[in-house]
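User: I should like a close look at one buried position and the sheet around it. Please explain it step by step, as you would for a first-year student.

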Amino acid sequence: MKKKYVGKIALLWITGAFLFASCEKKELMDYEGVDAIYFDVQYGASHGNESLWARQNYTYVSFGTLEDTVVDLKLKIGIAGSVRDYDRPFRVEIMRDSSNAIAEEEYADFSENQVIKAGENKTYVTLRVFKTARLIKDTARIQFRIDPGEHFSLPFIEVGKIPGRWNDEGTQFKTSGDPAVHDVFFNNLLQRPAGWGVNEYSAYFGTFSPTKYQYLMDVTGYTKAHFEQLSAMTQGGRGTKIRVMAYNDLIAKFNKGYARLQKGDADGWKEWVLDEKGTMMWVPGVTWWSEKTLPEELVKQYYKPQDNQ
C-alpha cells in the first residue's frame, strides 16, 4: 500500500521582508535580483484546508501508525520572483553527512536533477521510502539541499510566520530551519494511536507503551487503523471489547503460570505477559497486580518449592 503527501500553494512571508504570492494564475510579486528558490513543503490536520497548512522544515513518516510498507512523498519547491517562458534546471542534493537512510533499500525513485518548467512557479521532488526491520528501533534521515544553479539564488535565511497559513510547524525533530534544506525522517516506532486518547493513560488500556500496543493488537486481531479511530473506541464500545479480551488473556496466562509455581516450577512466571520495562502487563480491571508490579514479586508470593519435594 502507498500513501502520498502532497503540498498546496499559498502565501509566504520570508524573514527579510520579502512578500510574494504563489497562486494558480502564477502571479508573483516583483523580486529584485536573481529569482529565489526554496522548499515549501506543507502538511497539517486532515480536517483543514490544505492551502492553509503551514510550511514545514521536515517531513515525518511514521510507519508505526500506518498499515503501509511503502510511502510516496512529494516535496514541494517554490520560487520567488518571476514566472519565465523557459525551463530553469536546478539540482537537489542529499547531504550524506546528515543522512543515514540506505539508498535503494530504504528509499528510491529520487533524482538530483530537477526543473522549474516554463510557465510554472513550483515543482515537486519525489521519492519513495520503505519500512525496514531496523526502523523498529532506529530513525532514518534524509537531508535534502537545493543547489540553485544559474537561474536561482538562495537569499533566505529562515522562514517567519506566514500570513494566510496556520502556524503549526512540526517540532518533533530538530532542524536548521534553512529554507534551502528539507529533512525527511521515517521509522517504524509504534506511536500512541488516536484511539488511546489525548493522554498517555487510557481508561481502557492503562498507560501507553509500544509493547502494550503491540500486545493488544496481537491478542485481539485489531490493527493500527482500528486503534486510530477515537470515536469507535469511546462511543462504539471497541475500547471495552479490547480491554475485556486483553483481561481474559492476561488472567488465563497468569493462572497457567501460577499453577506451575504452586507445583514448585520456578519458571512458571514465564507464562506471564510482561510490559516494556519488565513489569507485569496490565489493563484496567486486573486487581491481582498493578502496572508497576515486577514478576519476581509475584513469584516470591506464589512459588511453593516445598510442594515439589
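Analyst: Let us begin with Leu-75, which has a relative accessibility of 1% and therefore counts as buried, since the cut-off for that class is under 20%. Please keep in mind throughout that the model is predicted. Leu-75 belongs to strand S6, which covers residues 70-80.

The next matter is what surrounds this residue. Leaving aside residues up to four places away in sequence, Leu-75 touches Phe-39, Val-41, Thr-59, Thr-123, Tyr-124, Val-125, Leu-127, Phe-144, His-182 and Val-184. One of these, Phe-39, lies 36 residues from Leu-75 in sequence, while the C-alpha atoms of the two are 7.6 Å apart in space. Another of the residues touched by Leu-75 is Tyr-124. The ring of Tyr-124 has the charged end of Lys-74 over it, at 4.8 Å from the ring centre.

We may now turn to the sheet. Five strands form an open sheet with mixed pairing, in the order S5-S13-S11-S7-S9. Its edge strands are S5 (58-62) and S9 (113-116), each of which pairs on one side only. From one strand to the next, the twist averages 25°.

Strand S7, residues 88-94, deserves particular attention. S7 runs antiparallel to S9, and four bridges join the two. Strand S11, residues 140-147, is likewise antiparallel to S7 and joined to S7 by four bridges. Arg-91 illustrates both pairings: this residue stands opposite Asn-113 in S9 and opposite Asp-147 in S11. Its sequence neighbour Phe-90 stands opposite Gln-114 in S9.

How are the side chains of such a strand arranged? In a regular strand they alternate between the two faces of the sheet. In S7, the covered face holds Arg-88, Phe-90, Val-92 and Ile-94, whereas Pro-89, Arg-91 and Glu-93 lie on the uncovered face.

Strand S5, at the edge of the sheet, leads to a further feature, an aromatic pair. Two numbers describe such a pair in general: the distance of the ring centres and the angle of the planes. For Tyr-58 and Phe-173, the centres are 5.5 Å apart and the planes meet at 85°, so the pair is edge-to-face, the class for angles over 60 degrees. Tyr-58 is in strand S5, and Phe-173 is in the loop between strand S12 (152-153) and strand S13 (181-187); with their positions 115 residues apart, the pair links distant parts of the chain. Tyr-58 has a relative accessible area of 4% and is therefore buried. Phe-173, at 16%, also counts as buried because its value is under 20%.

This pair should be placed in its wider setting. A search of the whole structure finds 20 aromatic pairs. Elsewhere, Trp-196, Tyr-204, Phe-205, Phe-208, Tyr-213 and Phe-227 form one aromatic cluster.

Finally, consider the protein as a whole. The protein contains five helices and 15 strands, and buried residues make up 43% of its 309 residues. Of the contacts between residues at least 6 apart in sequence, 71% join residues at least 24 apart; the separation of 36 between Leu-75 and Phe-39 and that of 115 between Tyr-58 and Phe-173 can be read beside that figure. The exposed area is about 15,800 Å², of which carbon and sulfur atoms supply 50%.

Notes. Residues numbered from 1 in each chain as written. Predicted model: local features only at pLDDT ≥ 70, side-chain atom pairs only at ≥ 80, totals over all residues. Heavy atoms only, no water. Pairing = 2+ DSSP bridges. Axes fitted to C-alpha atoms, helices over the stretch in contact; angles between N-to-C directions. Phe/Tyr/Trp six-rings, centres within 6.5 Å; stacked < 30°, edge-to-face > 60°. Buried < 20%, exposed > 50% of the residue type's maximum accessible area, 1.4 Å probe, protein only. Lys NZ or Arg CZ within 6 Å of the ring centre and 35° of its normal. Contact = heavy atoms within 4.5 Å. Areas by Shrake-Rupley, 256 points an atom, 1.4 Å probe, with all protein chains shown as cover.
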